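Colleague: Could you take me through this model? I'd like to talk it over with you.

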Amino acid sequence: MTDHIQSAVTPYLKQMRRAGPEEVSAVCPFHRRADGSEGGASNFFMNVYSGLWFCHSCHARGNLYTFLRDVGLSRDQIKLQYQPALDDAGKYAPPPPDPV
């Protein structure tokens, strides 16, 4: 994980651990059980280079920017605090699909 990306997401991910050479897994910060408690399984996965993420339980997905937005940060906070992390993630993001 790039240092910028790791410092951006670590405060928001519980039980984060490596899940291969390019991914980490954690408890998803976006979904809750029916009783309101957090899910305990590590169903959330994030690519450590591109910042792309997916939760296999609630099917939430996105990139580093949407992750930071969805955990409650404003656009200005994200730009001021995490621009280096977004730049790092952009270097490894897949190219957009070719319109046919």
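Colleague: Happy to start with the strands: what is the bridge partner of Lys-14 in S2?

Modeller: First, a caution: this is a predicted model, where local features need pLDDT of at least 70, side-chain atom pairs count only at pLDDT 80 or more, and totals for chains, interfaces and linings use all residues. Residues are numbered from 1 along each chain as its sequence is written, and side-chain values use heavy atoms, leaving out hydrogens and water. Strands are DSSP runs (E, at least two residues; helices are H or I, at least four), numbered from the N terminus, and two of them pair if DSSP finds at least two bridges between them. S1 (residues 14-18) and S2 run antiparallel, joined by three bridges, and in S2 the partner of Lys-14 is Val-27.

Colleague: Which residue in the hairpin turn has a positive phi?

Modeller: S1 and S2 form the hairpin, with four residues between them. The positive phi, about 125 degrees, belongs to Gly-20.

Colleague: Which element gives the most to the largest nonpolar core?

Modeller: Such a core is a set of buried Ala, Val, Leu, Ile, Met, Phe, Trp, Tyr and Cys residues joined through side-chain atoms within 4.5 Å; buried means under 20% relative accessible area, exposed over 50%, partly exposed in between (1.4 Å probe, protein chains only). The largest one has 21 residues, with Val-9 and Phe-44 among those with the most contacts inside it. Elements giving two or more residues include H1 (3-9), H2 (64-70) and H3 (75-92). With five residues, the top contributor is H3.

Colleague: How many disulfides does the structure hold?

Modeller: A disulfide here is a pair of cysteine sulfur atoms within 2.5 Å. The sulfur of Cys-58 is the nearest to that of Cys-55, at 3.6 Å. The number of disulfides is zero.
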